[in-house]
Amino acid sequence: MRHTVAVKVVVLGSGTSHGVPVPGCGCPVCLSDDSRDKRLRASVYLEGAGGERAVIDTGPEFRIQALRAGIKKLDAVFLTHAHADHLHGLDDIRPFSPVSIPVYGNSQTLDEFRERFAYIFKKTQQGGGKPRIETRPVSAGQKISLGNIAVTAVPVKHGALDIFGWKILENPQNPAENNEKSFVYLTDVSKIPETSFTLIAEDGKPGLLVIDGLRQRPHETHFTFEQAFEAAARIGARQTYITHICHSHFHREIETLCREFTEKQKAAGRISPAWDGLEVELPGKTGF
Ligand SMILES: [Zn+2]
Ligand SMILES: [Zn+2]
Ligand SMILES: [Zn+2]
């Protein structure tokens with residue numbers, strides 16, 4: 001029995017809002033030679049077996065990230081929220097929008113997007129000077145079909161802000177076979193509501209979780225490593241990667257913290273810090 005690959009996930013950026021290195025900073029992490037300590041702004045790219053292509057968030061380095069990942073096509077953009085580090089590269093989807101690309105997000109995110117990118121919505125703006133997009137508001141828990149992939153909006157708190165994480169799963173599948181096949185992306189999170197833990201668990205334990213873990217020191221709007229580990233242990237993904245990392249820790253230090261936690265918590269799946277360019281393949285339907 002073997003599994004086909006349903007979805008390939010590429011981490012385009014694993015860094016916090018400044019990115020790492022931080023301009024002007026001379027700290028050891030910012031000066032590190034380890035390529036895994038170079039963190040562009042947080043975003044992921046998805047490729048489905050049926051040719052579906054999407055990104056979650058378009059940060060300020062989207063163009064560079066698209067070139068690095070060899071992105072050739074985009075069928076959809078899913079936004080977590082409208083903070084600059086998740087949105088401000090959106091204009092750079094122009095090469096991928098000969099036809100209109102749907103941009104999904106909650107209504108507050110899309111309202112802010114329309115303010116920030118007002119020129120896109122002006123009739124006087126003609127020609128190639130703007131991406132062709134269509135905003136599509138999504139409500140909490142709503143499931144969107146993208147070819148053979150189902151994408152579900154998972155509400156989380158980012159400080160006082162209500163934002164979305166996203167759950168991705170090949171669709172349609174036999175629900176009994178969904179275990180360890182979903183991918184859940186929860187960036188910029190300070191609290192996961194109980195209902196969202198339930199929403200994630202509807203398809204069994206995820207195969208892959210990418211979750212916010214800014215640093216060790218507490219932060220008002222982001223999980224610390226410890227909070228991310230605890231949420232990861234509860235969600236129980238086969239593999240968890242920490243993202244949105246700041247310049248206070250080397251990649252290898254975070255690896256050690258992850259290892260210490262998983263040794264303590266025997267039931268937790270694997271946990272590691274993400275890095276830019278990381279690729280993970282999720283299993284799909286079972287074949288023989
Ligand atoms: Zn952010
Ligand atoms: Zn620094
Ligand atoms: Zn944010």
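In this predicted model, strand 10 and strand 11 (residues 208-212) pair in the parallel sense, over 4 bridges. Two of the facing pairs can be named. F183 has L208 in strand 11 as its bridge partner. V184 stands opposite L209 in strand 11. On another side of the pairing pattern is strand 9 (residues 161-170), which joins strand 10 in the antiparallel sense over 3 bridges. Here K167 stands opposite V184 of strand 10. V184 thus appears in both pairings, facing L209 of strand 11 and K167.

Side chains in a regular strand alternate between the two faces of the sheet. Strand 10 (residues 183-186) shows such a pattern: F183 and Y185 point one way, V184 and L186 point the other way, and all are buried. Strand 11 is buried as well. Of its 5 residues, 5 are buried, so the strand is largely enclosed by the rest of the structure.

The nonpolar core comes next. The largest one has 72 residues. V44, V77 and I211 have the most contacts inside it. What does I211 touch, leaving aside its neighbours within four places in sequence? Its contacts are L186, V189, F223, A228, A231, A232, T240, I242 and T243. One of these, L186, belongs to strand 10, where it points the same way as V184.

Helix 6 (residues 251-264) was examined for length and for its two sides. Its 14 residues, at 1.5 Å a residue, should span 20 Å. The end C-alpha atoms are 20 Å apart, which agrees. H251, I254 and C258 are buried in this helix. Seen down the helix axis, the buried residues fall within an arc of 60°, so they line one face. Their cover includes helix 5 (225-235), strand 12 (239-243) and strand 13 (270-273). On the other side of helix 6, R252, T256, E260, E263 and K264 are exposed.

R252 gives a closer view of that exposed side. R252 has 12 other C-beta atoms within 10 Å, and therefore counts as exposed. Its C-alpha atom is 29 Å from that of E47, a residue 205 positions away in sequence.

The loop between strand 1 (2-13) and strand 2 (43-48) holds G15. Is G15 buried or exposed? It is buried, because 27 C-beta neighbours lie inside 10 Å. Beyond its neighbours within four places in sequence, G15 is in contact with V20, R39, L40, R41, A42 and I245. G15 and H86 are 71 residues apart along the chain, and their C-alpha atoms are separated by 11 Å.

Some backbone features of the model stand out. Most residues other than glycine have a negative phi, and most peptide bonds are trans. A cis peptide bond joins V20 and P21, with omega about 0°. P21 is in the loop between strand 1 and strand 2. V20 is also among the contacts of G15. D57 is not a glycine, yet it has a positive phi of about 75°. D57 sits in the loop between strand 3 (53-56) and helix 1 (62-69). With 28 other C-beta atoms within 10 Å, D57 is buried. E180 is not a glycine either, and its phi is positive at about 65°. This residue lies in the loop between strand 9 and strand 10. E180 has 19 other C-beta atoms within 10 Å, so it is partly exposed.

The chain as a whole has 6 helices and 14 strands. Its radius of gyration is 18 Å, close to the 19 Å that the globule rule gives for 288 residues, so the chain is as compact as a globular protein of that length. The C-alpha atoms fill a box of roughly 60 × 55 × 35 Å, taken along the principal axes. Of the 288 residues, 46% count as buried. Contacts in the chain also link distant parts of the sequence. Among contacts with a separation of 6 or more, 70% are between residues 24 or more positions apart.

How values were computed
Residues numbered from 1 in each chain as written. Chains lettered and ligands numbered in written order. Predicted model: local features only at pLDDT ≥ 70, side-chain atom pairs only at ≥ 80, totals over all residues. Core = buried A, V, L, I, M, F, W, Y, C linked by C-beta atoms within 7 Å. Buried ≥ 20, exposed ≤ 12 C-beta atoms within 10 Å, placed from the backbone. Contact = placed C-beta atoms within 7 Å. Expected span 1.5 Å × (residues − 1). Arc of directions from axis to C-beta. Rg over C-alpha atoms; globule rule 2.2 N^0.38 Å. Pairing = 2+ DSSP bridges.
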